[in-house]
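Visitor: I should like to be guided through this structure by way of questions and answers. May we begin?

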Amino acid sequence: MKTEQILSDINLIHFKPADLPGELLVEPPFMPQEEIWEFVQHHFSCRELYLQAFNKESSPIYLLDSSILRKKADEFKNAFINNLPETSFYYAVKSNNHPQVANTLLESGFGLDVSSGVELELALGLNATDIIFSGPGKTDQELTLAVEHADRVIILIDSFGELERLKKITESLDREIRAGIRLNNNPHGLWRKFGILPEELSAFWRKAREASNVKLEGIQFHSSWNLDPEKQISFIKKLGSIIQTLPDNFRSEISFIDIGGGYWPPQGEWLQEEGTEAGKIRGLLGYPKTFGKRYRLAATPIDNFAEKLAEAIQKHIFSRISCRICFEPGRWICNDAMHLIFSVVDKKMDDLVITDAGTNSVGWERYEVDYFPVLNLSRPALTEKPCQIVGSLCTPHDLWGDSYWGGDIQPGDILMIPTQGAYTYSLRQNFIKPLPKVVTL
Ligand SMILES: Cc1ncc(COP(=O)(O)O)c(C=O)c1O
């Protein structure tokens with residue numbers, strides 16, 4: 001049950017914590033201590049490399065390690081290639097939009113998944129030849145740019161209205177373009193804005209036939225935040241039964257199914273108490289926070305994801321049509337490839353230090369809910385010490401963590417938060433403090 005629902009169901013005014021049914025406070029599994037140690041130890045063992053890169057630039061920096069991107073790209077591709085006959089891989093640029101990240105993925109044989117005109121320009125500028133352009137509310141200008149580069153771009157159409165506008169643009173430019181249609185796989189709440197309902201697929205195909213320059217060849221769906229493949233499998237099953245009802249002509253024209261991104265990195269989701277449903281409720285009810293409680297939601301390894309998804313695709317899709325399967329991973333690829341390194345500017349109390357970087361570098365209050373170890377590269381030690389590590393922005397939400405790993409902490413010390421590559425750099429905000437520079441290993 002979602003927290004919001006729980007809280008709307010209970011009347012907090014008449015509520016005493018002792019009344020709370022025990023099951024609402026059930027915590028997810030604790031983070032295994034050995035896994036944190038292993039993670040911290042690994043990054044301390046690369047300390048010289050990190051410090052060398054840091055010394056070349058002034059603090060703070062994003063440190064990009066392209067060798068990790070290459071390794072991740074190969075692991076991801078191999079997992080699926082080994083299980084499916086025909087595949088294509090598109091890196092979701094939104095997850096980390098640094099050009100070198102996209103370029104490294106191109107070198108690794110990926111295409112690019114872009115979601116706006118700006119991202120499309122980036123992809124074109126990098127000479128990408130296999131680009132998919134997906135996302136709601138594409139403007140006429142963005143559609144025009146895509147049509148002008150129709151030899152390199154497939155548009156994943158988001159609605160009937162977008163099809164209508166694309167038809168006009170292709171006619172006025174007298175150009176054909178390959179296209180797919182995004183299907184909505186969650187018609188409730190905030191996710192209803194994406195794509196068309198699967199039940200509208202036949203009607204969409206008929207409409208697309210009236211747009212002779214729009215070559216409808218594929219179907220896309222995407223579900224976010226998958227620790228395991230269950231959500232994707234259940235939509236693949238539904239898609240299979242819908243494909244069965246499509247006109248034969250349409251079925252024979254489907255050359256690809258794009259099953260989107262949303263694969264969680266193998267280390268799982270690391271949460272602070274406040275990041276768990278139970279923790280949110282406990283906080284609202286006034287329970288004190290306990291230092292050092294970390295949780296980990298386990299993630300399915302990618303080989304396992306690939307096996308399970310391939311099994312579902314064989315059973316529900318390939319029994320009806322044969323086509324290429326496309327993937328749009330973002331987070332899984334770039335998460336581990338970028339780190340944040342910054343310095344302690346001020347020590348205000350034994351357990352309160354201020355850093356030169358602020359969380360405008362990541363663009364959201366990530367560390368209030370997610371747990372990531374803060375490593376003191378200047379005084380490495382495998383001990384975690386309580387200390388508020390905060391940035392220098394004029395907001396109390398500018399928090400990196402409530403502890404650091406190291407022997408001590410003093411002004412001038414160099415701190416690192418490893419594996420901050422996904423949905424941080426691309427969400428960075430030009431707010432109060434300058435943004436870190438990107439340094440490449
Ligand atoms: C359509 C689409 N594809 C792919 C992705 C990438 O998802 P992830 O980074 O979780 O793999 C997203 C993320 O929002 C998306 O909206």
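**Helices, domains and ligand**

Guide: In this predicted model, Asp140, Leu143, Thr144, Val147 and Glu148 of α7 are in contact with Arg165, Leu166, Ile169, Thr170 and Leu173 of α8. The residues of this contact comprise two polar, three charged and five nonpolar.

Visitor: Is α7 parallel or oblique to α8?

Guide: Helix α7 spans residues 140–148 and helix α8 spans residues 160–173; their axes are 10 Å apart and form an angle of about 50 degrees. Angles under 35 degrees count as roughly parallel, and 65 to 115 as roughly perpendicular. An angle of about 50 degrees falls in neither range, and therefore α7 is oblique to α8.

Visitor: Is the crossing of α7 and α8 left-handed or right-handed?

Guide: The handedness depends on whether the near helix is turned clockwise or anticlockwise from the far one. For α7 passing α8, the crossing is right-handed.

Visitor: How many residues does domain 2 bring to the contact with domain 1?

Guide: Domain 1 consists of 15–62 + 336–440, and domain 2 of 67–334. Their C-alpha centres lie 31 Å apart. Domain 1 gives 28 residues to the contact, of which 20 are nonpolar, three polar and five charged. From domain 2, the number is 30 residues.

Visitor: Which residues come nearest to the ligand?

Guide: There are 16 residues around the ligand. This shell divides into four charged, four nonpolar and eight polar residues. Those that come nearest are Ala92, Gly261, Glu328, Gly330 and Arg331.

Note on methods. Residues numbered from 1 in each chain as written. Predicted model: local features only at pLDDT ≥ 70, side-chain atom pairs only at ≥ 80, totals over all residues. Axes fitted to C-alpha atoms, helices over the stretch in contact; angles between N-to-C directions. Helix = DSSP H or I, 4+ residues; strand = E, 2+ residues; numbered from the N terminus. Parallel < 35°, antiparallel > 145°, perpendicular 65-115°, else oblique. Contact = placed C-beta atoms within 7 Å. Nonpolar A, V, L, I, M, F, W, Y, C, P; charged D, E, K, R; others polar. Domains from an automatic or database assignment. Near = placed C-beta within 6 Å.
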